[in-house]
Structures are given as C-alpha cells and as structure tokens.
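Dear colleague,

Please find below the sequence and structure that I am handing over to you. My findings follow directly after them.

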Amino acid sequence: MATSSVSDTIRLLVGRESLTEVRALFRSSSGDDSRICRNNFYLGSQCDQVAIDVHAIDNKKECIGIYLVSNPIDPTLISRNDGVWRKPFSTKVKSSKSTDMVSRKWVLVDCDSSRESDSSATEFERSQAFRLADDVVAALGVFGFCSPVRADSGNGCHLLYPVDMPSDQTNNHIVRDFLKELSSRVTSAGAQVDPVTWDSQRMVRLYGTRARKGSSTPERPWRTTGILNPGNTADEARLKNVAAIRSAMSCWSSQTSLLAGQSVRTAVDVARSYLGKIEPAVSGSSGHARTYRAAITLVEGFGLSSEEAKVVLQEWNLRCSPPWSDHDLEHKISSAIAKADPSRLGHLLKRPDPIAKVAVSASGPRADATVADLIRLGQSMQWIWPGWIQRGVLIGLAAEPGAGKTRLCADLVKRINLGMPWPDGTPPTLDRGSTVMWVACDGQWGEITQFPAEFGFAPESIFLNAWNDNPTEGTMLDQPDQFKQLEERIVRTGVSLVFLDTVMNSTTHNTMRPEDGVKFFKPLAEVAQKTNTTIVLVTHLSVGGEALGRRIVGQCRQMISLEKIEGEAPNSSSRKIFVSKSNSIMPSEIMLSMGDNGNTYSGEKEAEPTMNPLWWAGSYLGTGRKPESFALRDAERSGYSLGAIKDAFDRLSKKASSSGEYIWLETK
C-alpha cells in the first residue's frame, strides 16, 4: 500500500534492529550558496521518534532536504548522539563512512528526469522518469529480479532492489559496474538512470519529507516524497536479486565480447547467447510477460526476422516450465513485431549505423539485394495519420497567408499529445504524451508560447531545435553539422513529428535551383528516413494556388492543402483540408472550423469547456502515467471537487493491475 509516512519508511528500509543515520541539509545563514549538514543516529525501532524529530525541521524555510543512509551502520555509532540527543539536528554529529557499513541491503536505481540539476521537475519531466522506471523493471525482470521498492523522489522515481551482500570494495565495484551498464542499456528520452548511486553509504530521500530543489513555482513545485509500492523484501527475494545482478553482468559481458568478434558471428548467434543468460518463464510467475520480453528482445533488440526469432525462442523455451506451444511462441513473436520500434531495431548490437545492424543478421555469404530483402527487414509504408501523414518522409502543408497553417499544426500537436482521434475520426496511432518538434523559422515565438494554454497540452510537449540556454536558435538548416544536430536531437527527444514553419525561411539555399535544392532536401530527407520521423514542410501558396518552391512538391511524399471556403466572409473560420499529392490512395477532403482552443472537424462534437472535469483529466493524464494520490491532489489544487474528478478519472483512466497506484489514459 502506498505511503508517505516517515515512520513507515524507516520500518521498511531500516528494520527494527539496524542503525541508520538521518541527515538534514540547511542553507547557510551567511547568504552564500554554502550548505550546512546536521545529522542524528537512530535505531529502526525508534521510527516514531524519527518522524517527530524531522517534522520539526521539514517545514523550516532554510531546510533543503532530509535523507537517510539505507544500509545498516555499525550499531555502536549510536553513542555519537550522546550530549545532543535531546536536540537532534541542532549540533554537528560525526557522520558515518563506508567502513562503518555492516552490510548492503539495498541497490538504488535512481530514474531521474533530464533538467537543470538545481531545479524541481515539471509534471511532464517527472512522468518521463516514471516511464523510464517501468522500462528498467521490465528489463531487469528478464534476469530474475524481484519486485523493487518503488518511491517517488519528488522529481523522479527511485527503485530500491533488496539484496544481501557484504559491504566491501569488491561488492561496491560490482554494483558500480552494474549501474553503469544498466544506465547505458535502458534509456529513454528526457530521463536517465543515474550511474553514481553505487556506494553502500549512499543517502536516499527520507520518504515522507519534502524534496526542495531550487525555488518552488507552480510549474516546478516542491513535492512530498513517498513510497509507492513496498515491493518484495523477503530474504528469498534478496538472494534472487544478488544472483540476478551476476546473471545480468555475465550476459552483458558476453554480449560485449561477442560483439568484439562480430565479423564472424551473426546476430542470431549473439541473440542466442544473450537469451541463454535470461531465466526461463515459469507458470504462475509472470511467465507471459517474461516470454513476451524475450520475444521483443529478439525482434527489436537484435533485429531478427520472425523465422530467426522463432528458432532462438524455441531453444530458450526448452528451459521453460512448462514449455510453450509453437502457436503461443508464434503469437508472442507476431505481437513483438507489431509493437517493435523501427528506430530501435538491432539496438542491442550496439552498431551506430542502422544498415550495419541488420547486415549481421544475414546468414551465409552476401548476395545482391532484391525487394525480398526489404520485406524481410520489415520495410513498409508506415503511417502516423493513415492516408495523410506518412512516417519517415518529408510531407508538405501549404496554405495562403493567414489561412491558419500554424494553428492547424498546433491542433495536430494537441491531438498527438492528448491521444485524441485524428481529424477524419480515425483512432489515435501514437501513445498519449507523444511529443513533437517545432522549428520556428518565421520567428513566431510569441504565438507558439500561447498554444499550450489555448489548446490544453503541456508546454513540454513541443521541443525546439535548440538548447534551453538559447531556445531561439536552430532555425537554419544549411550546413552538414546543422542537419546532424537536428538528427541527434530528434533521436534524443524521441519526437513523433517535426514542423519546419515555414520551410522557405529555414535555409539560405535557392531551392528553386536543382543544384542548390539538393543541398537542402537530400540531407533533410535522410534525417527523416534515419530517424523514422515525419518532417512537415510548412509553406505558403503562390498567387496561382501552388506551393511556393515547386521543388518542395517534388520532394514531398504527400502535400496537404489548407484552404478558405470560397464564398465565405473574409473573417470566416471555415476551412477545408485535402491531400493534393500522395504516393498512396487519396483520402476525402475534410471541412473544419478553426477555434480558439482547437479545431472542430466535420461530424465532430464541439470541444469540452476547459472547466469540465473530463477535459482537465484528459489534459492532465495526457503527459503520462501518474500516482493516483498525486493526481487527485493536483485536481483539487486546480479547483475541481474530489467527487467530480474521481468520476472523471474512473471514466478515462486505467489502473496498474498489480497495485492500482498508477493511473493513465486508457486507449480505446
């Protein structure tokens, strides 16, 4: 059961007989940035006293944060409290050090959001850290790791895996290498596993107290930390986790060694060795999830075809209890193929070039390629918006000045981020919380900043082609390094769509001349293809009703046109959109009405008013899964009654099947 209690945290992490050290950091009264540490030692049986003592300091404005040493300390060190026991945290007590650790009971995996180090996370940034934590649990589960303690650190998610290891230099190095490998192998846009939390005397948040990074603002508030799930802390689980660490390290080491001699080994060989280190599925112990994870590892991680994956999975299946049928294995593989991320195919092979990844999966001597090889590698026409927006290519969006191209793009951002249907009513094809990139080549910064509030999505939903210390740069694409930086940022942020608005202002090349146009369109198309991300070239229509820059039309796979309705008043909000060029079947045109908070399309209901609880719940959960208790708290702070918002969450959300502590928007 989730808790934010200090005393419950001590009971769970320390135990009754062990000694812990609680440390509090305070701002110095000197006015500089220096900090003062005050501490106290407690037995786990004194958990209620810990709660009383820290409550007295947690609300002090000069308090920066309160932490504890989670691993057991030499119990004789409690004598250091002598003389200051009645005034804890007011006098300096000599702190414990690594040689004072009796044993190691915890390995901390800190999933933190990518942001300035001395600032609190936004809700969107925090959701990215929680999403990464889910990936970590899934990735480690295949090696036999038991369920960890999950905790909200205030700005991210802590996973504390229970272990039973000596606290010595050898085991510190084992945990250090384990976290380093984990950090490099389980990655996610906007969050990362911190590899430095390996030492046994490492402090963790005293859950139940507040995290106070930087200044507290509505966008980046201080938050109360808490344990969300106590996990499995039985002695048997501790021993299994120690064995799982060794299993993971052995598997990763074998992978590294095999890759060093990749020239004589195929991807099937590497995958077979990798899967051989993964524990088999056992009925009644998440066997379905473990088998699916094995399948996705083969299909996505090593880029194997369905036939190759089946051979390796059948070998692994011989160790399962009971073994799966061939039909079940084929179903797992087909599901994995359907859900695999094309941009990550072969990522476990650690080859930077996507072509090099798939080359090693070929068995036998090389031969001249045919279309059959493209089919084998899963090449196909993929759609973000079926019939309208193809994935991994350049498409165009053209309209006369003032028709509303930029606001149409903003409406698409809203639908992508909140998981709404596409304008023609087809179901959403991207996960809720998906993001886009906006290259504001016209310098329309002020207009873009208004869109999150007007359309109801998080401002973090739109990435810019720039660093946060200079967000208005990155609007020109002329030099090879500029295209390279764009490609790297797309991969790093994981955006689903990129808008170049408007494309004619994104380059100094004369795109009307073939010899200059190729310098712009060719590298741009390569970025779209390599990242499997659609790049939308927003452009104006000429007086003759054609897209400015005739070569734009030739370079785009689709051209979408936005037009005012003939005969309507000049200030009419009515428009129509249609595909004027396509390499596929042309969809029917769509009528729309442009509104202040988004567009209404033919046959679609009017948008919900912003104070409707359903609208708020959809917008709030659109950025990712949240702890249910936090969602209810934030709804009340936004002015919604508890009963109304609970009803809205019940109608819109799913809950985690294991504990019911997380909620997220349900995909219909």
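Please note that this is a predicted model. I begin with the residues around one of its pockets. The lining of the second largest pocket divides into 13 nonpolar, ten polar and eight charged residues. The volume of this second largest pocket is about 1200 Å³. In total, 31 residues line the second largest pocket, and those closest to its centre are Glu125, Ile462, Phe463, Leu464 and Asn468. Two or more lining residues come from each of the elements α3 (123-141), β7 (191-194), α13 (445-455), β16 (462-464) and α14 (480-493). The largest share, four residues, is given by α13.

Strand β7 also belongs to a sheet, to which I now turn. This open sheet is formed by five strands in the order β7-β4-β6-β5-β11, with antiparallel pairing. Strands β7 and β11 (226-229) stand at the edges with a single partner strand each, so one side of each has no neighbour in the sheet. On average, neighbouring strands of the sheet are turned by 30° against each other, direction ignored.

The partner of β7 is β4 (residues 103-113), and the two strands pair in the antiparallel sense over four bridges. Within this pair, Asp110 stands opposite Asp194 in β7. Helix α4 (residues 169-185) packs on the sheet, where α4 touches β4, β6 (156-166) and β7. The direction of α4 makes about 25° with that of β4.

With kind regards

Technical notes: Residues numbered from 1 in each chain as written. Predicted model: local features only at pLDDT ≥ 70, side-chain atom pairs only at ≥ 80, totals over all residues. Heavy atoms only, no water. 1 Å grid on protein atoms, 1.4 Å probe; cavity = no way out; pocket = protein on both sides within 12 Å on 5 of 7 lines; lining within 4 Å. Points joined across faces, edges and corners; volume = space filled by probe spheres on them. Nonpolar A, V, L, I, M, F, W, Y, C, P; charged D, E, K, R; others polar. Pairing = 2+ DSSP bridges. Axes fitted to C-alpha atoms, helices over the stretch in contact; angles between N-to-C directions. Contact = heavy atoms within 4.5 Å.
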